[in-house]
Each structure stands twice: as C-alpha cells, then as structure tokens.
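The following note was prepared for a colleague who wishes to go through the model at the level of single helices, loops and residues. It is arranged as numbered points.

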Amino acid sequence: MKPAAALLCLAVLALAVGASSVDTHHRQLDQRAALERSAPFYPSPWMNPDADGWKEAYAEAKKFVSQMTLLEKVNLTTGIGWASEQCVGNVGAIPRLGLRSLCMQDAPVGVRGTDFNSVFPSGQTAAATFDRTLIYRRGFAMGKEAKGKGVNVLLGPVAGPLGRMPAAGRNWEGFSPDPVLTGVGMAESIKGIQDAGVIACAKHFIANEQEHFRTPGDPVKEALSSNIDDKTMHELYLWPFADAVRAGVGSVMCSYQQVNNSYACQNSKILNNLLKDELGFQGFVMSDWSAQHTGVASAVAGLDMTMPGDTEFNTGISFWGTNLTLGVLNGTVPAYRIDDMAMRIMAAFFKVSKSIELDPINFSFWTSDTYGPLHWEAKKDYQQINYHVDVRADHGNLIREIAAKGTVLLKNTGSLPLKKPKFVAVIGEDAGPNPNGPNSCGDRGCNSGTLGVGWGSGTANYPYLVTPDAALQAQAVQDGSRYESILSNYATSQTQALVSQANVTAIVFANANSGEAYITVDGNMGDRKNLTLWNNGDALIKHVAAHCANTIVVIHSVGPVLLTDWHANPNITAILWAGLPGQESGNSITDVLYGKVNPAGRSPFTWGATRESYGPDIMYTPNNGADAPQQDFTEGVFIDYRHFDRTPATSPDNKVLYPFGHGLSYTSFSYRNLRITKSHPSTYTPTTGQTAKAPTFGAFSPNPKDYLFPSDQFPYLRHFIYPYLNSSDPRTASLDPHYGQSAAQFLPPHATDDSSQPLLRASGGRSPGGNRGLYDVLWDVTAEVTNTGKIIGEEVPQLYLSLPGEGQPKVVLRGFEKVRIDPGQTVEFRVRVTRRDVSEWDVGVQDWVVREGVKRVWVGRSSRELELEGVLP
Ligand code: BGC
C-alpha cells in the first residue's frame, strides 16, 4: 500500500462522509501500519539453566561450554557450507573436546536422501488418526531411524505452514489448520523423536504459509511478508509452537519469509520476544537453508545456528564463521550472546544424549555410491561414505497401521467393508507403480503412479512401495475373487468395457500432489494451482460412476480436493481419503476396504465445495512490484472450519461437503450424558521478577592474531566455512565493506544489553510454554460414548468451545480422544479444559485473559456434528 495514495483516499472520504467513518478509516490505517512493521525486542533472552526439564542438560552444557574457546563456539553455531560434509547440514566439529560435527537431516516422513530407511505416512495423515499414541510411536520410530544413521538433529516436525490456505504446497508436511490438533501432533512427535535420542526441530517458525515468494528471487527482490496481528499470532500460529516448547523441543527452525516485513531469522519480535522470552524456549534457533540475511543483526535478534552456513550455497563465505568471531572480538556481538548460542546448542544436545561420543554418520546425502569424497563440495578425502545401514526394524507394520488408521471414510452407503467380492476392478494410475520406479524423480518431484508422499525436502527414498494394485490383487486372489486393473486414467473405452460388466465392484484411485517451491511439477511451483484432482482424475471418477452402480473412490492427496461434482452421485457408494500413506500404501488401504481395520481416521481439514469458499488463498502474483509481496492475514483466526462457520448460513460459501473432524466407521456410536465439573479455583498469576544477569563462560583473547587460520595443521577446503580469520587485519578478514561501524551505529537500542531483564507477565518463568497458570485445569468435562453397532470400532469424540468476546469463532476444537469401544459397550470420554483453552490474547495487556460471558461446550463427532451441549459454570 502506498501511503500517499492512502492519505489521498482518506481526505476524499473525510469530505464525503463525515467523522465516524473517518475514525474507522484511521483505525484501519493504524492496523495497516502495525502490520507493516515488526516491533523490535532486545536484548535476546539468555537461557535459564534452571528451566523445568532442562536442568541436567544445562549442567552438562555448562561443563562443556566452559572449556570451549571462542573459535570452537563459533564453529558450533556455523554450518560448514552446503555439501561440505555428509548431511544436508553440518556444523563444525570440536575435536579437542571429542565432539564430531553435528549432523542435521530431513525429516518429515523419514531420513532423507539415504537408503534402507522407511517412508512414513505424512504428518497430515498422522494427524488424521487423531491418535496421540500412534503419533508418538511414529515420532519415536523416525527418531530411531535417524539415530541409526548418525543424525543428531531431525529437521521436523512441521507446524508452519499451519494450513492457512488449502493449496499451499507444504501443508502435508505439517498436521492440520487447527492449532490444537497441530499442537498435539507437534508435542507427541517431539517427545517420540527426542526419546529416541535425536534432537527434534520444530519448523518453520513462523507463518511460512505458502511457497510462492518464500525467498527473494526473480521477480521479487525481497521475500514475501506474512503480516499478522498480535492476537492472531497468539491464538492461531504460535499455539502449536507453544506446545512444541512445552514438550521440550531442542531446536526451532526460523522460516524463509518475512513476518511483518522483517525476515524470520532476524526478527527480534518473533525470536526474542515470542519464542525465547514469552514461551521460554531453552533450545536453539537454526536458520532454514539460506534464510539468514545478516550477520550481527541476526545474532542479536535471537538466531543461534546458521544453516547450511554459507550466505548462498557454495559461495564459501558466511554471515557468521569468520564474521561472528570478529563480531565477538570487536564487541558488536555481546560475549554473552555467543555463549548463549553454544549453551543452547549443547543443552539441546545433552537433553537427548548422555555422552559426546557419538556413533559416526554412516551415510552421505550427496550420493548413493559406497565410496566417494567425505567433503563432497571440495571433492576431498575419498573413502567409504555410505555404509547402507538398515535402520527400518519392524517399522513397516507401524507404517501400515498409521496409514490405515489415518484413512478417512468420508462416505459409505453400504458397499464397505468388502467381503469376498465376486469381481474387483481397480481403475487409475494412482493405484499402480511409477513405471520408472518409486524413487526415479529426485525428492519425488513428479506425479506418476500411486502417490505416497508429496515432493521436496520433506521426502525420503522408498525402500519399497506397496501399490494398491498389488495389495488388492493379492487379497482378491486369496478370496477367490476375479480381479482386473487398468492403471491408466485415459483408457476410456477399456475402462467402460470393464466396469460395465456384471457383479463388478469398481475402485477408482485418483490423487492431487504438491511440494516445495524448488521443484515445479506440471506447472505447480510447490503450491497447487487448483484444488482439483490431477491427471484427469475427476473425469475418470465420473466416467466410472456413469457405468458402474458400485463405484468406490479412493483419494491420495496433500489436502482437500473438490468433490463437489460427484460426491453425491448415488453410484458412488463410498469415498475414502487415504492421505499420503508412505511405503505401505496398498496394504493400508486394503486393510480398510476389507474391514481388517475399522476406519478410524477423521478429516484434519474441511472439505469445501469450491476453492473460493475457503477464504484466504495463495498469492501467485506479487502485489508490491519488485519489493516484498505483502500478504495480510486479515482473516485473523478464521481459517478452515472457523472461516466456513463464520460465513452466513444462507451463503453458498457456508456449505461444507464433509466437515473438519468427520469420518465414518463400520460401526455406529451414540453420545450422551455430558457432565461438567469445575475443578480448579486457582487464579491466574502474571509472572513477575527479573532474570539473572546474562552469564558468560570462559574468557578469550582480544588479539586478532590468535584467530588466524592454522594452515600448518590442516588444509583449507574449498568452500568450507571456518571460524578463523584469514588476516590479522579485521577489515580484510571480514570481506565486509562496511566493517568498522560501531554497534551503536547499526544495532537497535538494548541489542547488546546483558543486564538483568524484567520477566514478561505471560511468560512461564522457569516453565517452558508460557505462564504455568495457562495449563491449570479449570473444568473437567466428560461424556459417554456407546458403540451401538455390531463390531469393535474406534471413535474420536471431540470437544469444542464457543468463547465469548469479540472476534471469536463459532466453535473451536479444544480436546479429543481416540477411544476403542466393544459393541454394546460405553466408555467415558474426558477432557480437562485448561485456562488456555478458554482464554484469548489481550493485545493491550499483553497477556491471556478469560472474558466474562457464556462459554458453551459441545461434544460431538465433527465440527458440525455437535451432539451434546452444555455451559461451563
Ligand atoms: C526447507 C527445510 C529443510 C531444509 C534442508 C529447506 O529448503 O525449507 O524444511 O529442512 O531445506 O533440506
């Protein structure tokens, strides 16, 4: 928005319509101005060695860091450069103290870029299980595999994107547009990963909601800015990260794009204020790959580790490394800050591992060859670099179970479960293999054959991929069924001839794919271009349904697709969303179709009728010339079901085909007896007091001569990032034309202040995740759920609240449980409603408040099937 234009239109308005609209307009301009700018917050909060869950780790870290030299500390914070060693990111080793280079590796569905690893169902599919235990077990198994390869930081789980826009390319890596469900997904995954001995990395912090313009580059000079107001930030986007911090996450990855026009990796508001101060995060912040844009500025804004270390891939120069050493020597980076970085990294390390003696990294991300250069970019040190270690254990069974239990039965008029059907016809490319092999496209950057994961850095190589065709055929043979498949979406006449035959059960498979921006598939630059099925999928489904009265549809997709044209067709007797199931795809869907697993998945997002009805959408064309595109999150907390519920009931945009939380079972359930007990009368106590003064550990020589590259000890590797100076003249060493400016000239006020600081009232003091009082249980809500059918089944009762106060959604999810119930049995569903659950963020007070007014509680089977209603007393 151009200020001059805005003022002109204000003047015209004032003349035309009088004072009150002018006030409104003023308010809008103020809001706009607030969104355009991120408030500074300094100094960067230092760790609290007494924080709950971190005490022992910090005691170990202190012993270690106290022995470190400045060069060693810098080495620990700075990546050694893209492809310099085996992992997608490595930091420098500390050989003197026995610590090898730490290995950072992707992540969201399995260890990326290696072999003999598993490919797990996506985060979104795991979310669809609504099953805390399965999500934990998935995290634990992924952590074990990473550990078995020598990985130290597993670059997941994902809560950004949250899923503001259904077409966003990486939504599938995360969990759900609902912050509570995503929060559970984050916390359980983190506990699992870290219990397996690997540091988890909650990413991408924050508001990384689309792929287009996430980084600067043609046609924009600066990355997109996600402009979010404080209330929306707290109530929506920050919520799952609070759960991650509370679960003890060891690292957080700051994202590529800007937040309120300040790059996420140098944004003091989000890193210093929200993450480290308010949430009390005690681990380290790592940059996304090349998401760092400044040296000293990012250090004082709260960044602790730069990845992969070089300014851009393989430049051989870094914002940190040499420059961080210089920054500390000349005082622009306060000494406490480098110590805090090292302490945070080592505390996260000791939180998950007892010893600094680590197993070697036994793979190279850069090649599948057994022998090759250890230092890939420099092409130095030829040796065995891939040991092909099989880390899969029995994870195949778990993967099969998660994908089956994350499959959502959207519609079933009675054709399912299948029982020895006479004749099964399977139709569609998505049921079959990629003819070139499941790993033929790098980072899965194509859409051929059945869709098991999306594309991008969030992928892994398949050890095998069980196709639906293979598994369904095996089942048919076992049952004595007749079986035929047509694994093409374009064999129109052959398909018609097949599905028109007598006794046929036709199962049509179709998909929709997306991924990360560095790969474009069929014109989709990460983000989807539309919400329709790919490769003629809709036409295929309609074609089969036109000729077969028992058509079952299975969709593999990265999020919602438009089912509008055909979902109500009576010939379509069942619709299943099988998400992104990973390597056991065919087995999982067979288990569900044949009732070996009673469908228990629930949709982690809403199925709208049109793309437009979802509200906010991807920005495909920059709206600010070559400057940073401005994406205003003006819808506030109203995304997904909250948005649909807000549109007037009479509007076509209110229409939802299948609501958030919806999913059928082969049995049925009834709900009754909602009981609410007030359980905790305690009052909320804002945190008060002061931090300690910033601690420092160990002195260092101020003389640049002591930091020169020790060329007598080892050779200089091409493009490797070191902490050393190349010259005892700081200006020459820095390669920075502006070298010599004092901190005061370019750093914001208080950026180097190491004195004791006031604690924020919303912060938790010693307790990570925010003020402890937020997690006090205020009400105990129970309901009874009965299995009224004939077979065992799992139900997901869900608790929603309607909160008083301005700008609150009609209902918000606050609790759920996966319960297994025998036929005829009743179980109690229970949710402990916390203060956080009923609070809203007060921008003026800068704290959570519970508003006066009626707080309604609902228990039901989805966001729009609310069976029981009550009021919180
Ligand atoms: C992605 C991250 C990933 C990193 C390393 C980046 O492009 O945004 O999610 O962890 O690359 O592969």
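The points below concern a predicted model, and they take up helices, then single residues, then backbone features.

1. Helix α16. This helix spans residues 492–499, and T495, L498 and V499 are its buried residues. Viewed down the axis of α16, the buried residues fall within an arc of 85°, so they line one face of the helix. In general, an α-helix has 3.6 residues a turn, so residues three or four places apart point the same way. The buried residues of α16 pack against three strands, β13 (423–427), β14 (482–486) and β15 (504–512), and against the helix α17 (537–547).

2. The pair α16 and α17. The two helices pack at an angle of about 35°, and their axes are 9 Å apart. Their crossing is right-handed. On the α16 side the contact is made by T492, T495, Q496 and V499, and on the α17 side by H543, V544 and H547. By residue class, the contact of α16 with α17 comprises two nonpolar residues, five polar ones and no charged ones. Two of the α16 residues in this contact, T495 and V499, also belong to the buried set of that helix.

3. Helix α18. How many of the nine residues of α18 (residues 585–593) are buried? The count is nine of nine, and the helix is accordingly described as mostly covered. The buried residues are S585, G586, N587, S588, I589, T590, D591, V592 and L593. They pack against two helices, α14 (395–405) and α15 (468–479), and against the strands β15, β18 (551–557) and β19 (572–577). Strand β15 is also among the packing partners of the buried residues of α16. After α18 comes G595, which has a positive phi near 75°.

4. Helix α9. This helix, residues 239–246, is likewise mostly covered, with seven of its eight residues buried. The buried residues are W239, P240, F241, A242, D243, A244 and V245. As with α18, a glycine of positive phi follows: G248 comes after α9, and its phi is near 90°.

5. Residue N524. Is N524, a residue of strand β17 (residues 524–525), buried or exposed? Its relative accessibility is 3%, which is under the 20% cut-off, so N524 counts as buried. The side chain of N524 has polar contacts with the backbone at two places. One is with the backbone oxygen of D522, at 3.0 Å, and the other is with the backbone nitrogen of K529, at 2.8 Å. Leaving aside residues up to four places away in sequence, N524 touches W455, I519, K529 and W534. K529 thus appears both as a residue touched by N524 and as the owner of the backbone nitrogen that its side chain reaches.

6. Residue A83. This alanine is placed in the loop between α4 (70–77) and β1 (89–90). Its relative accessibility of 4% is the reason why A83 counts as buried. Which residues does A83 touch, not counting those up to four places away in sequence? They are W366, H375, W376 and E377. The C-alpha atoms of A83 and L374 are separated by 9.5 Å, although the two residues are 291 residues apart along the chain.

7. Cis peptide bonds. One cis peptide bond joins Y42 and P43, with omega about 0°. P43 lies in the loop between α2 (19–36) and α3 (55–65). Another joins G160 and P161, with omega about 10°. P161 is located in the loop between β3 (153–154) and α7 (179–195).

8. Positive phi outside glycine. H388 has a positive phi near 50° and is not a glycine. This histidine is in the loop between β11 (380–384) and α14, and α14 is one of the elements against which the buried residues of α18 pack. With a relative accessible area of 27%, H388 is partly exposed. Q846, also not a glycine, has a positive phi of about 60°. Q846 sits in the loop between β30 (840–842) and β31 (847–849), and its relative accessible area of 30% makes it partly exposed.

Technical notes. Residues numbered from 1 in each chain as written. Predicted model: local features only at pLDDT ≥ 70, side-chain atom pairs only at ≥ 80, totals over all residues. Heavy atoms only, no water. Buried < 20%, exposed > 50% of the residue type's maximum accessible area, 1.4 Å probe, protein only. Helix = DSSP H or I, 4+ residues; strand = E, 2+ residues; numbered from the N terminus. Arc of directions from axis to C-beta. Contact = heavy atoms within 4.5 Å. Axes fitted to C-alpha atoms, helices over the stretch in contact; angles between N-to-C directions. Left-handed = near helix turned anticlockwise from the far one by under 90°. Nonpolar A, V, L, I, M, F, W, Y, C, P; charged D, E, K, R; others polar. Polar contact = N/O pair within 3.5 Å; in protein donor to acceptor, adjacent residues only side chain to side chain.
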